[in-house]
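Me: I am in my first year and would like a close look at a single part of this structure, with its surroundings explained step by step. Please choose one strand or helix and tell me how it sits among its neighbours.

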Amino acid sequence: MKPVRLVFSHLARQVVGSNIATKLLSNVLRQPRILMLHGVDGDPQGIRLLRANLDFLSRHFRIVPLEEIWSAETKRSDRRPKVALTFDDGLRNNLTVAYPLLKEFQAPATFFVCPGLIDSGRWLWNHECRARLKILDEGTRHQFGEEIGATDGAVEATIRHLKYLPYAARLNAAQRIRDLTPAFQPTAVDQLKYDVMSWEELKSLDPRLIAVGAHSTNHEILTGLPAEVLENEVGGCRTWLERELGRPVKHFCYPDGAYSVDVRDCVGKHFASAVTTRVGWVPDAPALFELPRIPADGASLRDLAWRMQRPGG
Ligand SMILES: [Zn+2]
């Protein structure tokens, strides 16, 4: 029986090789790309998918650390376009599922993490609120939606509404959800999806392969925060990570991709670059605090191959 990797390598060649247009474009379009990932599934299918995608990327692109994306450095002998891998949120499955595969392919990546969550072991507030809202009965959920001014009681609509409430109102609403769900116990499936890495786990990552970036202290949506809270979420995040890790933390990722001129200026005081959720290739001479990315969560090999050439479509 062929090793799994060989079978998928063959499959990847077939899929990509079958699309002449994609192949031609990849010869022409040499613009660097940054991929955006979050959690990864640790079941056999999820692992196969990620392995196939890394196999495809490592053959058709040069996987580089984030800061090499905008450096003028080029390897004359290697004309493949550059791609950088980024994983947001510091989820434990990045360590248990993605990291072994990144090592296997010697693929560098940046993990954007939130030190406040690592320290407390808490989930991102939106993950926690989502899981708690799901166990509320429909009537209570609707009533809560009305309380906070959400248009309907559906879970995702409520989360979207919560994200852009004023800071103090959002904190109150999140606490109200906790009060409404005192018996909440995360399921094993939720834990695999939403648990974040501990400090020990983060420090166990090989710094030659994995760069740690900042994703705000507590994953707050940064637009509309009071100035001192914004400074703590941005500058405080960097100070905390550098103190724990004992090395510089140079790159930032806006939670939910949300930024304003004030947020961007604050990030610019503390970091060398910031990635967004804007979809696209990295242009020549990019705005370093508005770097676009290509979403790749759960993408099939065919989807990924397509998005690398047509990020928006
Ligand atoms: Zn995030």
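Reply: What follows looks closely at strand S3 and then turns to some of the helices.

The model is a predicted one, and that should be kept in mind while reading everything below. Strand S3 covers residues 82-88, and seven of its seven residues are buried, so the strand is largely enclosed by the rest of the structure. A residue counts as buried here if 20 or more other C-beta atoms lie within 10 Å of its own.

It helps to ask which way the side chains of this strand point. In a regular strand the side chains alternate between the two faces of the sheet. In S3, Lys 82, Ala 84, Thr 86 and Asp 88 point one way, whereas Val 83, Leu 85 and Phe 87 point the other way, and all of these residues are buried.

The next step is to see which strands pair with S3. Strand S1, made of residues 33-37, pairs with S3 in the parallel sense, and five bridges join the two; within this pairing, Ile 34 has Ala 84 of S3 as its bridge partner. Strand S2, which covers residues 62-63, also runs parallel to S3 and is joined to it by two bridges, and here Ile 63 has Val 83 of S3 as its bridge partner. Strand S4, residues 109-113, pairs with S3 in the parallel sense too, over four bridges, and in this case Phe 87 is matched with Phe 111 of S4. Ala 84 and Val 83, which serve as partners in the pairings with S1 and S2, therefore belong to the two opposite sets of side chains, because Ala 84 points one way from S3 and Val 83 the other, in a strand whose seven residues are buried.

From the strand we can move on to helix H3, which covers residues 44-60 and packs with helix H4, residues 92-104, at an angle of about 30°, the two axes being 10 Å apart. Angles under 35 degrees count as roughly parallel, and H3 and H4 are therefore described as roughly parallel to each other. H3 passes H4 in a right-handed crossing, and the contact brings Gly 46, Ile 47, Leu 50, Arg 51 and Leu 54 of H3 together with Val 97, Ala 98 and Leu 101 of H4. Sorted by kind, the residues of this contact are six nonpolar, one polar and one charged.

H3 also packs with helix H14, residues 301-309, at an angle of about 35°, with the axes 9 Å apart, and this crossing is right-handed. On the H3 side the contact is made by Ala 52, Asn 53 and Phe 56, which meet Leu 301, Leu 304 and Ala 305 of H14; five of the residues in this contact are nonpolar, one is polar and none is charged.

For another pair of helices, consider H12, residues 227-245, and H13, residues 261-270, whose axes come within 9 Å and cross at roughly 25°, so that H12 and H13 are roughly parallel to each other. H12 passes H13 in a right-handed crossing. Leu 230, Glu 231, Val 234, Gly 235 and Arg 238 of H12 make this contact with Val 263, Cys 266, Val 267, Lys 269 and His 270 of H13, and the residues divide into five nonpolar, two polar and three charged.

How values were computed:
Residues are numbered from 1 along each chain as its sequence is written. This is a predicted model: local features need pLDDT of at least 70, side-chain atom pairs count only at pLDDT 80 or more; totals for chains, interfaces and linings use all residues. Axes are lines fitted to C-alpha atoms, for helices over the stretch in contact, and angles run from 0 to 180 degrees between N-to-C directions. Angles under 35 degrees count as roughly parallel, over 145 as roughly antiparallel, 65 to 115 as roughly perpendicular and the rest as oblique. A crossing is left-handed if the near helix is turned anticlockwise from the far one by less than a right angle, and right-handed if clockwise. Two residues are in contact if their C-beta atoms, placed from the backbone, lie within 7 Å. Ala, Val, Leu, Ile, Met, Phe, Trp, Tyr, Cys and Pro count as nonpolar, Asp, Glu, Lys and Arg as charged, and the others, Gly among them, as polar. A residue is buried if 20 or more other C-beta atoms lie within 10 Å of its own, exposed if 12 or fewer, and partly exposed in between; C-beta atoms are placed from the backbone. Two strands pair if DSSP finds at least two bridges between them.
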